[in-house]
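User: Could you take me through the cavities in this protein and the backbone spots worth a look? I'd like one connected walk-through rather than a list.

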Amino acid sequence: MLKRKIPYIIISLILMFSFSIVAFADERNPGTDSRAYANIVVEKEVGGTANLNTYDTYILGVVDMNKIEPMSLGGGYVIVDMGANELILDEEGDDLRVYETDQIFYGMDTPEAYEVFVSQDLETWHSSGEGRGTAEFDLADSKLYWARYVKIEDRETSTSERSPGSDIDAIEALHFGEKTKNVIDDNISYDSVSVYDNAGTWALWNTDTNSADIVGFGWPDSEPIVGDWDGDGITEVGIFNRGGNNFLLQTDSGFELIGLGWSDVTPIVGDWNGEGADEVGVYNNEGTWALWNTDTNSADIVGFGWADSEPIVGDWDGDGATELGIYNNDGNNFLLQIDSGATAIGLGWSGVTPVVGDWNGDGADKVGVYNNEGTWALWNTTTNSADIVGFGWAGTEPVVGDWDGDGITEVGIYNRGGNNFLVQTNIGFDIIGLGWADVTPVVGNWNDEKIYVVGTEPYFPPFEYADENSSSEIIGFDVNLINAIAADQGFTVQWKDLEFDALIPALQSGQIDIIASGMTITAEREEAVDFSEPYINAGLALAVAADNENIKSVDDLKDKVAAVQQGSTGSQEAEKLKAEGKIGDIIYLAHVNDIILNIQNGRADFTINDLPVTRAFMSQNPGVIKIVDDKITSDSYGFAVKSGNTELLTMLNQGFKRVKEDGTYDQIMAKYF
């Protein structure tokens, strides 16, 4: 294929627009497509509990100070949306700004007052001062601190020093530190824009070079379609040929021709079987769909919809398979295919364009509409109503994509008058000068790098745990081994922190690609996922407090209380023993450290946990617990992939074999065991 570069014209964000940009309704984050030293982690307190260390953690990304300069905030500042207010870190990393966006966008005369607290240990908090409107606080050596923004009316007052408060349901925090090595990677998988001239020429925007890659594929009067035809995570191009009622799809070896279609149909693309690769289809705009089946090399005919309806497709339930839907212009509503039949969503008005995206990043697609004049209505499945977003201006066309690789779909527009795109970012917008007369805008992940998301529960040393020198970095045996396999096989990984019992559902729904979390291979789990070859032998051990002289084996557990990790093989063994009447109650906990604490404080008498993990804890924390039986079961750990993902499974197995042969595996074993 012919490729050449089109220079990117960088246009000042300040001088580019004479129209008004309205504040976005959605929460934003700094973005994972940026490049710089500062790593930002936002944490939200769970359920208003008084324990300030109980959080759900969201890694937001590495920030590019250069992209923020045009916002005219007096230099390069990192902006993190705090609802009506924003926290801003300057490029030197030693000042924190709180910026009152309500004052800017809505003309508030009296912005709310707030106070900023800093802490080195998340336990002792010190006030850095109060502010109103826009204010700046000196955090000194801020990379060692956590900072909290708290409204004055919500703070707690004590006789010694004010506290940020433990009764606030959604306290947000920033942690400033060095760039995360494993949690955030420079090579992020994200969508980009493109145009097709409907005559065989594509211009695919390359975010690495800030220019367009020119690709020749197609012929005159053909319509563009794009999809991940081979399931490798990279979007390939394709065309629908109305003259021949067929599709031509780009492949690694050239192209594939699929005869499918008839007069006046609309071409569509989706993963109809949920196996990770896209397929084509057509809709006759009257209720009949023909979806290409790659197993039978024929079309499955589906009836859904009625005359004069427009096709929309999306993964409405987050199971990885694309379902059908229609937009009804007459009724201003959507009808979506679901397992039980159909669900209707009343959304729209005259002249809007329907759009589909995962607006909140939960893995399921939602609908929306754009009025082609700057107003979006994005369906919120939590509130069962539409979030209204202002982005764009009259005469523009909608484009949507995950521009920053955070799993959330952002909005964008194509401006035919200026031959350019405007895409929503966490700090406002980006301009991409790309296009010419009569082109069709398209969106896809043109990145030619294979990037896989690895799910792990990082509280399981020595397999995966947070680095004590950088709480946002995940390290451990599994991390080193997966990184070594990835390097050998030529792919990149991103790490995602999840609770252990959420890992398999996340894999099945497509939120992650690999599980690397000290997961024992069991017959039950093999029905849900595909496991790699075993990479370590790990049976279950019975452990008690170091000073416990009453429990010496399983025979001594009658009426004793077990503390186990939720969803683990240890919890399954405890449940088995309880059913047999051999033990008393079971306390289910999320992390190993919580298990140990329950044994120390006497709430639990023993734990059943993986032998390597128990031994590692004892080595690092002598005199806390002891093993009284190390032969309860004999098990093995494996990496898990989605059932049927043979390509990725083969890479994991081949990579593991090679790192064992070249001695890398032995080096990793020696480091952690």
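**A proline loop, then the cavities**

Analyst: Pro 462 sits in the loop between strand E37 (459–460) and strand E38 (464–467); strands here are DSSP E runs of at least two residues, helices are H or I runs of at least four, and both are numbered from the N terminus. Before going further: this is a predicted model, so local features need pLDDT of at least 70 and side-chain atom pairs count only at pLDDT 80 or more, while totals for chains, interfaces and linings use all residues. Residues are numbered from 1 along each chain as its sequence is written, and side-chain values use heavy atoms, with hydrogens and water left out.

Back at that loop, the bond between Pro 461 and Pro 462 is a cis peptide, with omega at about 5°. Most peptide bonds are trans, and most residues other than glycine have a negative phi. Asn 210 has a positive phi of about 55° although it is not a glycine. Asn 210 lies in the loop between strand E13 (201–206) and strand E14 (211–216). Asn 372 also isn't a glycine, and has a positive phi of about 60°; its loop runs between strand E28 (366–370) and strand E29 (375–380). Asn 210 is partly exposed at 35% relative accessible area, whereas Asn 372 is buried at 18%. (Buried means under 20% relative accessible area, exposed over 50%, and partly exposed in between, with a 1.4 Å probe and protein chains only.)

Now for the holes. A cavity is a set of points on a 1 Å grid over the protein atoms alone where a 1.4 Å probe fits but cannot get out, and lining residues have an atom within 4 Å of a point. Points are joined across faces, edges and corners, and volume is the space filled by probe spheres set on them. On that rule there are two cavities of 30 Å³ or more.

The largest holds about 50 Å³. Its lining includes Phe 460, Phe 500, Arg 525, Ser 568 and Asp 610. By class, the lining has two nonpolar, six polar and two charged residues. (Nonpolar covers Ala, Val, Leu, Ile, Met, Phe, Trp, Tyr, Cys and Pro; charged covers Asp, Glu, Lys and Arg; the others, Gly among them, are polar.) Domain 3 (451–537 + 638–672) and domain 4 (540–633) each give at least three residues to this lining, with bounds from an automatic or database domain assignment.

Ser 568 is a handy way into that cavity. You'll find Ser 568 in the loop between strand E45 (562–565) and helix H7 (569–579), buried at 7% relative accessible area. Leaving out residues up to four places away in sequence, Ser 568 touches Phe 500 and Arg 525; a contact is heavy atoms within 4.5 Å.

The second largest cavity comes in at about 40 Å³. Its lining is Val 592, Ile 595, Ile 596, Thr 607, Asn 609, Thr 614, Phe 617 and Ile 625. Helix H8 (592–600), strand E47 (606–610) and helix H9 (611–620) are the elements giving two or more residues each, with H8 supplying the largest share, three. This lining has five nonpolar and three polar residues and no charged ones. Asn 609 turns up in the lining of the largest cavity and in that of the second largest too.

Technical notes. On a 1 Å grid over the protein atoms alone, a cavity is a set of points where a 1.4 Å probe fits but cannot get out, and a pocket is an open set with protein on both sides within 12 Å along at least five of seven lines; lining residues have an atom within 4 Å of a point.
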